[in-house]
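Student: Could you walk me through one part of this model up close, and then show me how the rest hangs around it? I'd like the salt bridges to be the way in.

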Amino acid sequence: MTDAGRSGIMPVDKGGGLSSFQVVAHLRRVLRAAKIGHGGTLDPAATGLLPILIGEATKLTPYLLDLDKEYLATVRLGVTTDTQDLSGTTVETRPLPALDGAAIQRACGAFVGTVRQVPPMYSALHHEGRRLYELAREGLEVERQPREVTVHAITLESVDLPDFTIRIRCGKGFYVRALAADLGAALGPGGALATLRRTRVGPYRVEDAVTWDAVRDARDGSGLWPRLLPPDSALELMQEVRLPSLAVRAFLNGQSVACDGSPGPVRVYGPDGSFLGIGTRRGALVKPERLLHADPPRPRVLPA
């Protein structure tokens, strides 16, 4: 198999000042990959973990988007902007009241759990066929319905007023910019996101990712392909099913096959360890949901 025909996931530490799409476009040229995408947008100003999906692994994009994420965010108090971060136009400034770490941590606690969050105008969500950020750039603001999101934890890392830094562990669809604005409002003086770094997506950690310098300076894939992880490395928490040879053919032809076990999504392998795709187990059958052309068996171990 040529490098251009390989499939897998390459965690990249994105630099600041460029979009996730620009990172994908650069790697498409460098790796000469026909199919390539990413597993969750990062704002241009944000840095940190951006999983790049290559080849057959692009079929797993919905599963990457569903993974829990972790962020390190610095909030600037006393300023409100139209974008909810410091890249936007300042709408209002206010003096800071007396605040300490205990007060900030208490305010953070109100946003932990299953909460309802109003998405920012500067976001890629659609309203009547148009992206919200397109409307916002035209000076328009439309009503956005709150969406239910999950926040597992918010930990206060440091305080250096008017800034404080928090670590957020959350589910999909969560906007850290909106949290910064909401925390600023809860504390009184308003707030905006000053810096954002994504440190984890599911099993992938930023300290194990390909550095931005290595990605930016690459002229070919020779130094990058060895960092490619197997497609199923994103699915470590999903139940595993191994099919016998006769069942493999039926499964790859889209037929449900016999397989006892707990109901729910499963990652499916052939008898030699080749990853076949994802199925849904109901009763005594597994139904194919997302099929991948069989990859040869490889170790499915993330960097320690």
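Tutor: Let's start with Asp-213 and Arg-216, whose side chains meet in a salt bridge, 2.9 Å from N to O. Keep in mind that this is a predicted model. Both residues sit in helix α6, which covers residues 212–217, and they are three residues apart, about one turn of the helix. Neither end of this pair is buried: Asp-213 is partly exposed at 46% relative accessible area, and Arg-216 is partly exposed too, at 40%.

Arg-216 also has company from another helix. His-26, which belongs to helix α1 (residues 20–31), touches Arg-216 along with Val-215 and Ala-218, once residues up to four places away in sequence are set aside. Unlike the two salt-bridge partners, His-26 counts as buried, because its relative accessible area is 15% and the cut-off for buried is under 20%.

How many salt bridges are there in total? The count comes to 14. One of them joins Glu-70 to Arg-167, with the closest N and O atoms 3.2 Å apart. That pair links distant parts of the chain, since Glu-70 is in strand β4 and Arg-167 is in strand β11, 97 residues apart. Here the two ends fall on either side of the burial cut-off: Glu-70 is buried at 18%, while Arg-167 is partly exposed at 25%. Another bridge runs between Glu-92 and Arg-94, where the closest N and O atoms are 3.1 Å apart. Glu-92 is partly exposed at 35%, and Arg-94 is partly exposed at 42%.

Stay with Arg-167 for a moment, as its strand leads to the nonpolar interior. Strand β11 spans 163–170 and is among the elements that give two or more residues to the largest nonpolar core. That core has 29 residues, and the members touching the most others are Phe-164, Ile-166 and Ile-168. The other elements giving two or more residues are β4 (69–77), α3 (101–109), β10 (147–160), α5 (176–187) and β12 (191–201). Of these, α5 gives the most, with five residues. In soluble globular proteins, nonpolar side chains tend to be buried together.

Ile-166 is a good residue to click on here. Leaving out neighbours within four places in sequence, Ile-166 is in contact with Tyr-71, Leu-72, Ala-73 and Val-75, with Cys-108, with Ile-154, Thr-155, Leu-156 and Glu-157, and with Leu-179 and Leu-183.

Now for the later part of the chain. Five strands make an open sheet there, in the order β14-β16-β17-β18-β15, with mixed pairing. β14 (239–242) and β15 (257–258) are the edge strands, each with a single partner, so one side of each has no neighbour in the sheet. Further in, β16 (residues 264–269) runs antiparallel to β17 (residues 275–282), and six bridges join the two. To find your place in that pairing, look for Pro-265, which stands opposite Thr-280 in β17.

The structure holds one aromatic pair. It is made by Tyr-269 and Phe-275, which are tilted, with 5.5 Å from centre to centre and 45 degrees between the planes. Are these two residues buried or exposed? Tyr-269 is buried, at 0% relative accessibility, and Phe-275 is buried as well, at 4%.

Helix α7 (residues 245–252) belongs in this picture too. Its buried residues are Ala-247, Val-248, Ala-250 and Phe-251, and what covers them includes β15, β16, β17 and β18. Just past the end of α7, Gly-254 takes a positive phi of about 85 degrees.

Back to salt bridges for one last stop. Lys-35, Glu-56 and Lys-59 are joined into one network by salt bridges that share partners. Glu-56 lies in the loop between β3 (47–54) and α2 (61–65). Although it sits in a loop, Glu-56 is buried, with a relative accessible area of 8%. Its contacts, again without residues up to four places away in sequence, are Ser-7, Lys-35, Leu-291, Leu-292 and His-293. One of those contacts, Leu-291, falls within the range of β18 (285–291).

How values were computed: Residues numbered from 1 in each chain as written. Predicted model: local features only at pLDDT ≥ 70, side-chain atom pairs only at ≥ 80, totals over all residues. Heavy atoms only, no water. Pairing = 2+ DSSP bridges. Helix = DSSP H or I, 4+ residues; strand = E, 2+ residues; numbered from the N terminus. Buried < 20%, exposed > 50% of the residue type's maximum accessible area, 1.4 Å probe, protein only. Contact = heavy atoms within 4.5 Å. Phe/Tyr/Trp six-rings, centres within 6.5 Å; stacked < 30°, edge-to-face > 60°. Core = buried A, V, L, I, M, F, W, Y, C linked by side-chain atoms within 4.5 Å. Salt bridge = Lys/Arg side-chain N within 4 Å of Asp/Glu carboxyl O.
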